[in-house]
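Thank you all for making the time this morning. I would like to walk you through some strands and one peptide bond, so please have a look at the sequence and the model before I begin.

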Amino acid sequence: MGVVVVVLLIAAVASVGYYQIGIAPSLVSSTTTTSSTPSCTPSTCVNVTIASGASGCYNPPDTKVCGFQPATVTVVLGVNSTVVWTNDDTAVHTVTSSSGPLSSGDLEPGNVYQYTFTAAGNYSYHCVYHFWMVGNVIVKAPST
Ligand SMILES: [Cu+2]
């Protein structure tokens, strides 16, 4: 009898744990969409592609050849300051700032992450799963 109670307790704890794990990713991915079509118009956004094969192309020193393409983009506040990342690879990637605003969470194949910059600056980012995948967004103030 005691064994049955213990087994039931373990099952209950395990299911709660699974439930919590199952919930977490959906919260993280709330800033992404599964659409491959950006919600901004081409004139107001800049597209960055995570190309097919991006996860398997670590080949220093040409580390930027196959990660984020283009690896560096320049945008202007209020003009085209929304950047849209599309994962065209078959692996999961992220768009993550070491200390900054970009935090895509897991981008499944086909997922899109977009962020609208509101301050000028130089924003470097990387993929948490592939350290050779690095990118940079240069945000400029509008010229007067
Ligand atoms: Cu990656």
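Before the pairings, one term: I call two strands paired if DSSP finds at least two bridges between them. Please also keep in mind that what you see is a predicted model.

With that in hand, strand β7 and strand β8, the latter covering residues 134–140, pair in the antiparallel sense over 6 bridges, and within that pairing Y125 stands opposite G135 of β8. These two strands belong to an open sheet of 3 strands, in the order β4-β8-β7, whose pairing is mixed. Its edge strands are β4, at 72–76, and β7, at 121–126, each of which pairs on one side only. On average, and with direction ignored, neighbouring strands of this sheet are turned by 20° against each other.

Let me now move to strand β2, residues 45–50, which shows a covered face made of V46, V48 and I50, while C45, N47 and T49 make up the uncovered one. β2 runs parallel to strand β5, residues 82–87, and 6 bridges join the two; there, T49 stands opposite T86. With strand β3, residues 68–69, β2 pairs in the antiparallel sense over 2 bridges, and in β3 the bridge partner of T49 is Q69. T49 therefore has a partner to name in β5 as well as in β3, if one applies the bridge criterion for pairing given at the start.

That brings me to Q69 itself, which lies in strand β3. Is Q69 buried, exposed or partly exposed? Q69 counts as partly exposed, because it has 16 C-beta neighbours inside 10 Å, whereas a buried residue would need 20 or more and an exposed one would have 12 or fewer. Leaving aside residues up to four places away in sequence, Q69 touches V48, T49 and A51; of these, V48 is on the covered face of β2 and T49 on the uncovered one. Q69 and G135 are 66 residues apart in sequence, yet 8.3 Å apart in space, taken C-alpha to C-alpha, and G135 is the residue we met opposite Y125.

Finally, the peptide bond I promised: most peptide bonds are trans. The one that joins Q69 and P70, however, is cis, with omega at about -10°, and P70 lies in the loop between β3 and β4.

Technical notes. Residues numbered from 1 in each chain as written. Predicted model: local features only at pLDDT ≥ 70, side-chain atom pairs only at ≥ 80, totals over all residues. Helix = DSSP H or I, 4+ residues; strand = E, 2+ residues; numbered from the N terminus. Axes fitted to C-alpha atoms, helices over the stretch in contact; angles between N-to-C directions. Contact = placed C-beta atoms within 7 Å.
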